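Welcome! Please take a look at the sequence and the structure below, and then follow this short tour.

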Amino acid sequence: MWTGTFYALIAGLMWGLVFVGPLLVPEYPAALQSVGRYLAFGLIALPLAWLDRAALRRLSRSDWLEALKLVAIGNLLYYLCLASAIQRAGGPLPTMIIGTLPVVIAISANLRNAQRDGHLPWRRLAPSLLLIAAGIACVNQAELAALRSDPHADLARYAYGALLAFGAVACWTWYPLRNADWLRNHPDRSPRTWATAQGVATLPLALIGYALLWLIMGVGGSPFAMPFGPRPAVFIGLMAAIGLFASWLGTLCWNEASQRLPTALAGQLIVFETLAALSYAFILRGHMPGPQTLAGVALLVAGVMWAVRVKPEPVELTAERL
């Protein structure tokens, strides 16, 4: 349990980096950042795939198709929505909307996977969910108050960013549930191999996406300097860093956590990503968060610590109690 929680923490710290990219290169289209990130991920995965080629050969055609589905929705589409949301609404608002993932995934998993993982009793799970939800509400309220005080704020743009962030939530509610299904159904396979397989599956999709984007921008007469934009060294370095740490290492650590934890509990531990992203955002802002934001962070941490103490019960035992 605690080893799985540690892996989830490292994954959250790595995934928090993806919220920084759109803020560092705001002039780059979100679609380019999405395909650029996963092109880097795919290229990084190639030497790793060569080292792990024996294990990768054991994957069937259906396994590779599953990897393609996971990367198309959980990687490319998710990051397209997220980067677009951050560019329109700034860092904190999308971060907080993504922060609802622990609650959304925990509820979805508890309804969907109780037979396999055991049932996390709603009565014992409710306090942790309420603490997490209250923490997210506190931080949301602080950010919305800051938006209202800004006379130059474009509320329509922020609203569109929020809508895109909810699209990212939908993508990443589906991804961990489906990914955990594969890992639990293949306990003999290495999470490292599965992370590398997803990187290899990402490469052709990212290449096709990059080429299509270049073609569309060329036909549309876009002044953007393809293929690497106005700051090629910054863009390439940023995409390589995010591809290595957030995409590969983050996925590896999350896979390790998913094999050790009930899906409902693992879903709540995505809160580490929210905390990391908030920390990075305030570091970029150059000032400490306010008391309401700090209170929200404290509630989030308390909710996670409470959740770790909840043990799943066999479905039969829960039914007997009812």
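## A tyrosine in helix α5

Let us begin at Tyr78, which sits in helix α5. Keep in mind throughout that this is a predicted model. Is Tyr78 buried or exposed? Its relative accessibility is 4%, and buried means under 20%, so Tyr78 counts as buried.

Which residues does Tyr78 touch, leaving aside those up to four places away in sequence? They are Phe19, Ile73, Ile98, Ala168, Cys171, Trp172 and Glu273. One of these partners, Cys171, is 93 residues from Tyr78 along the chain, yet the C-alpha atoms of the two are separated by 5.6 Å.

## The protein as a whole

Now step back to the full chain. The protein has 16 helices and zero strands. Its C-alpha atoms fill a box of roughly 65 × 55 × 30 Å, taken along the principal axes. For 322 residues, a compact globule would have a radius of gyration near 20 Å, and the protein agrees with this because its own value is 20 Å.

Of the 322 residues, 53% count as buried. The accessible surface comes to about 14100 Å², and carbon and sulfur atoms account for 70% of that area. Contacts in this protein often link distant parts of the sequence: among those between residues at least 6 apart, 89% join residues at least 24 apart.

## Two residues of helix α3

Helix α3 covers residues 30-51, and Ala30 lies in it. Ala30 has a relative accessibility of 8%, which means that this residue counts as buried. Setting aside residues up to four places away in sequence, Ala30 touches Leu80, Ala83, Ser84 and Gln87. Ile86 is 56 residues from Ala30 along the chain, and 9.1 Å separates their C-alpha atoms.

Gln33 is also found in helix α3. What is the relative accessibility of Gln33? The value is 0%, so Gln33 counts as buried. Again not counting residues up to four places away in sequence, the contacts of Gln33 are Gly21, Pro22, Val25, Tyr28, Tyr79, Gln87, Phe235 and Met239. Gln87 therefore appears in the contact lists of both Ala30 and Gln33, given that contact means heavy atoms within 4.5 Å.

## Enclosed spaces

How many cavities of 30 Å³ or more does the structure hold? There are three. The largest cavity has a volume of about 150 Å³. Its lining is made of 14 residues, and the closest to its centre are Trp15, Arg37, Tyr38, Asn75 and Trp172. Trp172 is also one of the residues that Tyr78 touches.

Which helices supply at least two residues each to this lining? They are α3, α5 (61-89), α10 (155-185) and α12 (232-260). The largest share, four residues, comes from α12. Sorted by class, the lining of the largest cavity has eight nonpolar, four polar and two charged residues.

## An open pocket

Next comes the largest pocket, with a volume of about 200 Å³. Among the 14 residues that line this pocket, those closest to its centre are Ala89, Pro92, Glu143, Leu147 and Arg285. The elements giving two or more residues to the lining are α6 (92-98), α9 (122-148) and α14 (271-285).

What classes of residue make up the lining of the largest pocket? It has nine nonpolar, two polar and three charged residues.

## A cis bond in a loop

Most peptide bonds are trans. The bond that joins Met226 and Pro227 is cis, with an omega of about 10 degrees. Where is Pro227? This proline is placed in the loop between α11 (191-219) and α12, and α12 is the helix that gives four residues to the lining of the largest cavity.

## An exposed leucine

The last stop is Leu111, in helix α7 (residues 101-112). Is Leu111 buried or exposed? Leu111 is exposed, because its relative accessible area is 65% and exposed means over 50%. Ala195 is 84 residues from Leu111 along the chain, and the C-alpha atoms of this pair are separated by 26 Å.

Methods. Residues numbered from 1 in each chain as written. Predicted model: local features only at pLDDT ≥ 70, side-chain atom pairs only at ≥ 80, totals over all residues. Heavy atoms only, no water. Buried < 20%, exposed > 50% of the residue type's maximum accessible area, 1.4 Å probe, protein only. 1 Å grid on protein atoms, 1.4 Å probe; cavity = no way out; pocket = protein on both sides within 12 Å on 5 of 7 lines; lining within 4 Å. Points joined across faces, edges and corners; volume = space filled by probe spheres on them. Nonpolar A, V, L, I, M, F, W, Y, C, P; charged D, E, K, R; others polar. Rg over C-alpha atoms; globule rule 2.2 N^0.38 Å. Areas by Shrake-Rupley, 256 points an atom, 1.4 Å probe, with all protein chains shown as cover.
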